[in-house]
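Colleague: Could you take me on a close look at the place where the two chains meet? Please keep it simple and spell out the terms as you go.

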Amino acid sequence: MQVFKAAEVPIEWEEHYVGKEIDPRTQSFLTWESLESVRRNKVGLKGPMATPIGKGHRSLNLTLRKELNLYANVRPCYSLPGYKTRYDDVNLITIRENTEGEYSGLEHQVVRGVVESLKIITRQASLRVAEYAFHYAKSHGRERVSAIHKANIMQKTDGLFLKCCREVAENYPEIKYEEVVIDNCCMMLVKNPALFDVLVMPNLYGDIISDLCAGLIGGLGLTPSCNIGEGGIALAEAVHGSAPDIAGKNLANPTALMLSAVTMLRHLELYDKAEKIQNAILNTIAEGKYRTADLGGTSSTSDFTKAIIDHL
Amino acid sequence: MASQIVRRVLRARASEIFAAQSATNPSSARVFSCFDRSLSSSAASGSHLIRATLFPGDGIGPEIAESVKQVFKAADVPIEWEEHYVGQEVDPRTQSFLTWESLESVRRNKVGLKGPMATPIGKGHRSLNLTLRKELNLYANVRPCYSLPGYKTRYDDVNLITIRENTEGEYSGLEHQVVRGVVESLKIITRQASLRVAEYAFHYAKTHGRDRVSAIHKANIMQKTDGLFLKCCREVAEKYPEIKYEEVVIDNCCMMLVKNPALFDVLVMPNLYGDIISDLCAGLIGGLGLTPSCNIGEGGIALAEAVHGSAPDIAGKNLANPTALMLSAVTMLRHLELHDKADRIQNAILNTIAEGKYRTADLGGSSSTTDFTKAIIDHL
């Protein structure tokens, strides 16, 4: 928030916290007011939330996803100059279908010792995420969209997903479209990630690939993420955990949340502000003088933040 | 006198029959449990030749199979190959291009080596790999992945084995359309299959001196299915207290693998995750052209295979890299407990690649298949 104020970004923050009790209207710790606030504002930024275990309620992330109809998870992954990993040339975006697929939560025991889980793919959800992927590619000047699948084995389900992607691809003839099998995709990613541009995938593969790509650039502490919902809602979030062990000690790395906020700005088409802040962040990391512990440095959160403001 | 001769003959016949029976009678093999080949291997370690089925496969298959045969002959490996080819017509008994005789041959010999097979598309029959898997009950796919010294990739310290459940999970092939535009696919996990592959994983870890077994899952989301898989792994882990057991969520696992693969030792997983992770690990060490693989079946069957494709574009041109098939054959030798031969051949292969003088095109060199093979033989 300090960085935004320093950069004079025209955003007014409406803060909401997760309650301690379950709100019966949402069946979750998130209150109805919180959800209404996002629906009204259309944009939001979310920090890490710990889901309390075993209370028989829906996970917080799941609640947000269902209530706000967040159908696509967008994760831009690019190598950060100055933070060296084994890969220098990663520059891709993973777009993951976020509502159905293998994560429908529909499991049951058939007989003792035999369990089934349903993977659901619908035309509607597949078209929706494919549309977003191509729209994103067009508005961000990307050349290629690759659909990741396993349709040689799961012919009907992934087959339907691919069919929808192909239909949408025809509406965007200027963007190249290709289909890659997931095991090949993983192999290519670890050998040569520069081969990929925009990736669109059903839920499970998306989960795996987006975390794989986060690993390629340095981990979840540096990866921005944004959830797109029906009606143009964009909820940017930091995908790392809440790290309770270092909470309150001024040690945390705010990069992921800040880059996510930048993604939010781009969604709002405030491109210059987004560029300004993103460059400030990248330059600070590249300079190497101020780095938080997880990046191998010794700066505190506030020092790091101040360094970014100085770079604006 | 006559009775003595008769007795001697009978004894010889009996031991012959017994040795033959233990190989052909599946129930007696099961008595020894899936992994214990002590009787057969002791019968074979003398002057006996072990019969192994060989499927050279399509495309570059026959050339690389030839390389393997030459190297094995040069190393004096006591294996007698029984070659089988995929037919051009569907055999009604197997509903596939693989003949009944081929399958029986593997069942009888208990070991086999398979080259790449191209599945002809769209003829309405079962894929060849699927047929082998179902008919021979190949329940575990084992892929040892270790960085090859001399072939530099971004990773130097990969040394892990992926063990993938190969019969159920997401690949059960049970899909259907619910209504127009809505399709369902069933992922099945059973206690029996999960226990079976977990048993194999821990047994493998023990016999190969590995420290740790990690079960890969997504049980936080798929609580019942992956939950059952984990439950079975935990049960088996209790029987092997000397081996560390841990559980890793699949997305974390992928991230850790690309950041620091040395963290992993033996990985055991259900079908889909196994497919993804084993190919990811193959990518870490240089690709499918270098990766060995072995399928374990009920009754102690081991079918080693090269997992790359049949590469029809370079078939017959003496350009193919036989490394994957050869390392798979080495895995087969280890299964047969012929560890010295296995080490000898493996070291020859690694030294040849490390030396760098003879490398096939896919590794960035310009040697032909035959030159590469000859270099390995020279290194024995």
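Modeller: Sure, let's start with who touches whom: 45 residues of chain A are in contact with 45 residues of chain B, contact being heavy atoms within 4.5 Å. Keep in mind that this is a predicted model, where local features need pLDDT of at least 70, side-chain atom pairs count only at pLDDT 80 or more, and totals for chains, interfaces and linings use all residues. Residues are numbered from 1 along each chain as its sequence is written, chains are lettered from A and ligands numbered from 1 in the order in which they are written, and side-chain values use heavy atoms, with hydrogens and water left out.

About 3,900 Å² is buried between chain A and chain B, and carbon and sulfur atoms give 64% of that. (Buried area is the accessible area, with a 1.4 Å probe, that two parts lose on being put together, summed over both.)

Now the charged links: the rule finds two salt bridges across this interface, each a side-chain nitrogen of Lys or Arg within 4 Å of a carboxyl oxygen of Asp or Glu. B:Lys218 pairs up with A:Asp207 in a salt bridge, their closest N and O atoms sitting 2.6 Å apart.

And the strands? Strand 5 of chain A and strand 7 (residues 182–190) of chain B run antiparallel, joined by nine bridges; strands pair if DSSP finds at least two bridges between them. Strands here are DSSP runs (E, at least two residues), numbered from the N terminus. Within that pairing, A:Thr122 has B:Val182 as its bridge partner.

Conventions: Helices (H or I, at least four residues) and strands (E, at least two) are DSSP runs, numbered from the N terminus.
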